[in-house]
Amino acid sequence: MTEWVISLGGTKDVQLIIDGKRTDGRTLDELRAIRIEAGVIPEADGSSYIEWGNNKIVCGVYGPRECIPRHGASPYGATLKCRYMMSPFSSLEEHSRSGPSRRSNELSKVIREALENVLLLGKFPNTQIEIYIDVLQADGGTRTASLTAAAVALANAGIPMKDMVAAVAVGKASETLVVDLNKPEDNLGQSDMPIAMSHRDKNLLLVQMDGLLTKEEISRMLDMVEKSCDEIHEVQADALRRIYKTEQKEPFRW
Amino acid sequence: MGDEVKDTIMAHIRRNVMEKTLVKGTRYDGRAFDEYRTVEIQTNVIKTAEGSAIAKIGETTVLAAIKFDVVTPFQDRPTQGVMITNAELLPMASPTFEPGPPGEKSIEAARVVDRAIRSAECIDLNSFFIEEGKVLGIYLDLYVLNHSGNYTDAATLAGTAALINTKMPRVENVKIIRGEYEGPLEMTSRPVTTSMIKVDKNYWLVDPMRDEENVAETVLTIGTTEKHVCAMQKGRGSLSKTELLDAIDIAFKRGNDLRKILKEVE
């Protein structure tokens, strides 16, 4: 067994990949284990819970319902609102301040702008649809896991969608392209590119990137995303199928 | 709010005109699809800051200023300086900007510019170490003074120009001696961003005016250095893989033009 020592401070000298294996033993294009449950919050119109590696995220959806404040309503369709938040106990480091941060503000925006593309908002003028995402336990890749969970919660709420959305981050760690970055790869890797993709037409709905990459690398990474998103889609579809099963269901456990 | 509605209605009226001219291969201000408006940069405009610049793209005007302070480093990067970027969409700059705490637009702008500059590794934050528990903090403030579309590119341009213009403050006994400097801040690359939009059709319009932004279906910003892509951010809308790769080509081409303009201010 290789001892993994994650030294914080210097980023260049940390070996994140040894013999094609990553810090958590995965291969380069292997996703972490993903478990999705739909309908976990009985009071919400739609909800989902996702465990993605060590990430634990819960998502609730309300609407379409009256738009508050009223001046935010649009006669052209429903106003989509999204709030992504990290709980103060969600990271291994110190207790962070609760409430929105600059980061969570930005993520709420990009998640909303990804989902707006697949929801048939035009069917519900003057209303609002709210998506609440709370990260309970974080381990790298929360924005993509959140988006994946939110898509399931929206479907669970019965809001008409023209496509399903799955998301995953690809990145570069120790000069190698890897799928689904874990926390050490996220913090110490060279580059991070979270992507959300619609399932049928393979459109890119969320595109972000930091670090340094060439065009060729980005092109290869997009192919990796496509393959992974198909795998994630299967887990999403399975979660939705299971809530409509008629036979005895296992009670949901957090 | 009222102005935002007015903006949307006007934009939709102009959209017809816009689409008619787009078919002919130009935009209604006469530009080609991949052409920037006139870009102007002026440096050293704020004498109280260690570095500053005003970038104008057409009428869009952004002021960037650099200040240093002695700060405590982040726990996980104890030897590295701290860079903090903030963007203000001043209410005077556009009828759609409102006073109040930073909204998602200004937060996003600040974070995208920050990401482009940080990822480009153009400044060596390790050189900002003073002693254990003390490092230099570099503050980049971006003031949007007039918004006629595409303040993101103007902000990155102003930010990079301000960094080029920055003089390192003299530090004695863990204190900054204000007004005394130790040569220029060393920069190893020139990050810029190139924003573009799609309206209906599958071609990119670079450096959108405000009207174009208002009717855009897809909004995309790509940060580049001389050799690499250093940041990407999609706003609203969607795009295909081919469209993204095309956008990267455009971003390098136009980015290099912007870097030439930056060279003139050095």
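Q: Before we look at helix H4 of chain A, what does contact mean here?
A: Contact means heavy atoms within 4.5 Å. With that in hand, look at this predicted model: helix H4 (residues 215-243) of chain A lies across E3 and E4 of chain A. H4(A) runs at about 30 degrees to E3(A).

Q: How should I read the sheet, and what is the order of its strands in chain A?
A: Strands of a sheet pair through backbone hydrogen bonds, either parallel or antiparallel. In chain A, the order is E3-E4-E5-E7-E6, an open sheet of five strands with mixed pairing. Strand E3 (34-38) and strand E6 (79-86) are the edge strands, since each pairs on one side only. On average, neighbouring strands of the sheet are turned by 15 degrees against each other, direction ignored.

Q: How many bridges join E3(A) to strand E4 of chain A?
A: Five bridges do, and E3(A) and E4(A) (residues 46-52) run antiparallel. For one pair to find on screen, take Ile36(A), whose bridge partner in E4(A) is Ile50(A).

Q: Now the helices. At what angle do the axes of H1(A) and H2(B) cross?
A: Two packed helices are described by the angle between their axes and the distance between the axes. Here, helix H1 (residues 102-115) of chain A and helix H2 (residues 104-119) of chain B have axes that cross at roughly 100 degrees and come within 9 Å. Angles of 65 to 115 degrees count as roughly perpendicular, so H1(A) is roughly perpendicular to H2(B).

Q: Which residues make that contact between H1(A) and H2(B)?
A: On H1(A), they include Arg102(A), Glu106(A), Lys109(A) and Val110(A). On H2(B), Ile107(B), Ala110(B) and Arg111(B) are among them. By class, the contact has three nonpolar, one polar and 10 charged residues. One of the charged pairings is a salt bridge between Arg111(B) and Glu106(A), with the closest N and O atoms 2.4 Å apart. Between chain A and chain B the count is six salt bridges.

Q: How much area do chain A and chain B bury between them?
A: The size of an interface is often given as the accessible area lost when the parts come together. For chain A and chain B, that is about 3,200 Å², with 54% of it on carbon and sulfur atoms. The contact takes 35 residues from chain A and 36 residues from chain B.

Q: Which residues of chain A lose the most area to chain B?
A: Arg102(A), Leu212(A) and Lys215(A) do, and together they account for 21% of what that side buries. You have met Arg102(A) already, in the contact of H1(A) with H2(B).

Key: Residues numbered from 1 in each chain as written. Chains lettered and ligands numbered in written order. Predicted model: local features only at pLDDT ≥ 70, side-chain atom pairs only at ≥ 80, totals over all residues. Heavy atoms only, no water. Axes fitted to C-alpha atoms, helices over the stretch in contact; angles between N-to-C directions. Helix = DSSP H or I, 4+ residues; strand = E, 2+ residues; numbered from the N terminus. Parallel < 35°, antiparallel > 145°, perpendicular 65-115°, else oblique. Nonpolar A, V, L, I, M, F, W, Y, C, P; charged D, E, K, R; others polar. Pairing = 2+ DSSP bridges. Buried area = accessible area lost by both parts, 1.4 Å probe. Salt bridge = Lys/Arg side-chain N within 4 Å of Asp/Glu carboxyl O.
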